[in-house]
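The following paragraphs lead through a structure, from its conventions to its interior and its individual residues. Please keep the sequence and the coordinates in view while reading.

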Amino acid sequence: MEKSGIATVIKNAGSLFLLSQLPGWAPFPAVLRGRIRLKGGVATNPVAVGDRVRFTLEEDPTPEHPALITEVLPRKNYVIRRSTNLSRQAHVIAANVDEAFLIVSLWFPEIKLPFLDRLLVTCQVYGVPVTLVLNKVDLYRDEIPEQVAAFRRIYEGAGYRVIETSAVTGEGIETLREATRGKVCLLSGESGVGKSSLIRAIDPSLDPKVGEISEVHLQGKHTTSLYEMYRTRDEAFLIDTPGLRGFGLVDLKKEEIALYFPEMLEASRECRFTPCTHTHEPGCAVKAAVDEGRISAERYNSYLGMLEEDTKFR
Ligand code: GDP
Ligand code: ZN
């Protein structure tokens, strides 16, 4: 008896996929039927973690008799990684992401704001809402309270939610658990910020460095998969992405960049000229907002940096 249904891709190892019918879990193996191509895409992988797919199966699926993926349903959004600035080849990291949690730390490793801002622009371009997670606060909040406050002022001022956490003391973990519950979340952060520690703090049964869901279902066909979705016991679906650099590049024209700084976009409605680069034009409302402190100088500097470098990543 042939059955069919819709499921979500939670892992891809070589030609084998693991599917799950969220919000349940019970992963089962599947392969692509024939060649499924993404319309108009340049992606090396037509099916990515987070994709919703239609499948058929004839019996209980096993690695020897996997389900067949027959169709990839339209995506609400997706995040891609380009191999190099000029390469046309791209890899879809994740599809249908409800929210990205960008994990940062002011110390160890030291945060680089222009880099974070570039990443925030990327998420804006992809239409993925962002929450910032300031981790390791146990290490530095008492030492540099004014820098913690400044971080919050800059990013809350730009419209982002900031959650302070410590995987060591457990501070903020409940807030993070609530913020991720029931959502497909992309977790990203520079190596060493405590991404794995936070995943373990949210759900101690998970260990991203071990990747426990793989073993049973993909035995014998073990290929490392970069991206994988985990389900926490509170039904958050976390996609772990190694390294912030993973999706730091997008194609943007100079005049488009400011559209992806939410606070500049809002202020720019009052600029005298359209388009306005918000650099030298008279009557620029963005520059006025920076002068009056309504837009942070740090964010504006990141914007100027991106304008200058723009030619490099086109
Ligand atoms: P990942 O590379 O982002 O997955 O980072 P890890 O979770 O492996 O953590 C890197 C190091 O930072 C480890 O030594 C952790 O014990 C430590 N660490 C993680 N979170 C915290 C935290 O909130 N506070 C402190 N003090 N150390 C942390
Ligand atoms: Zn302007």
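Which element supplies the largest share of the lining of the second largest cavity? The largest share, three residues, comes from H5. Before the details, the conventions: this is a predicted model in which local features need pLDDT of at least 70 and side-chain atom pairs count only at pLDDT 80 or more, while totals for chains, interfaces and linings use all residues. Residues are numbered from 1 along each chain as its sequence is written, chains are lettered from A and ligands numbered from 1 in the order in which they are written, and side-chain values use heavy atoms, with hydrogens and water left out.

The secondary structure of the chain comprises nine helices and 13 strands; helices (H or I, at least four residues) and strands (E, at least two) are DSSP runs, numbered from the N terminus. Of its 314 residues, 51% count as buried, where buried means under 20% relative accessible area, exposed over 50%, and partly exposed in between (1.4 Å probe, protein chains only). Among contacts between residues at least 6 apart in sequence, 66% join residues at least 24 apart, a contact being heavy atoms within 4.5 Å.

Two cavities of 30 Å³ or more are present in the structure. A cavity is a set of points, on a 1 Å grid over the protein atoms alone, where a 1.4 Å probe fits but cannot get out, and its lining residues have an atom within 4 Å of a point. Grid points are joined across faces, edges and corners, and the volume is the space filled by probe spheres set on the points. The second largest cavity holds about 40 Å³ of space. Its lining consists of Phe101, Ile103, Val133, Leu176, Thr180, Leu187, Leu198, Ile199 and Ile202. At least two of these residues come from each of strand E8 (99–104), helix H4 (173–180) and helix H5 (195–202). By character, eight lining residues are nonpolar, one is polar and none is charged; Ala, Val, Leu, Ile, Met, Phe, Trp, Tyr, Cys and Pro count as nonpolar, Asp, Glu, Lys and Arg as charged, and the others, Gly among them, as polar.

Thr180, one of the lining residues, lies in helix H4. Threonine 180 counts as buried because its relative accessibility is 1%. Leaving aside neighbours within four places in sequence, threonine 180 is in contact with Phe101, Cys185, Ala236 and Leu238. Threonine 175 is also placed in helix H4, but with a relative accessible area of 35% it is partly exposed. Beyond residues up to four places away in sequence, threonine 175 touches Arg161 and Ile163.

Glycine 192 sits in the loop between strand E11 (184–189) and H5. Its relative accessibility is 46%, so glycine 192 counts as partly exposed. Proline 109 is 83 residues away in sequence, yet the C-alpha atoms of the two residues are 6.6 Å apart.

The zinc ion (ligand 2) is coordinated by Cys271 (SG), Cys276 (SG), His278 (ND1) and Cys284 (SG), at 2.1 to 2.4 Å. Donors are N, O and S atoms within 2.8 Å of the metal (3.2 Å for Na, K and Ca); water is not among the atoms, so sites may look incomplete. The arrangement is tetrahedral because the four donor atoms subtend angles of 104 to 117°, four donors counting as tetrahedral if all angles lie between 85 and 135 degrees. The donor residues are spaced C-x4-C-x1-H-x5-C in sequence. Cysteine 271 is buried, at 9% relative accessible area, and histidine 278 is buried at 4%.

How values were computed:
1 Å grid on protein atoms, 1.4 Å probe; cavity = no way out; pocket = protein on both sides within 12 Å on 5 of 7 lines; lining within 4 Å. Tetrahedral: all angles 85-135°; square planar, octahedral: opposite > 155°, others 65-115°.
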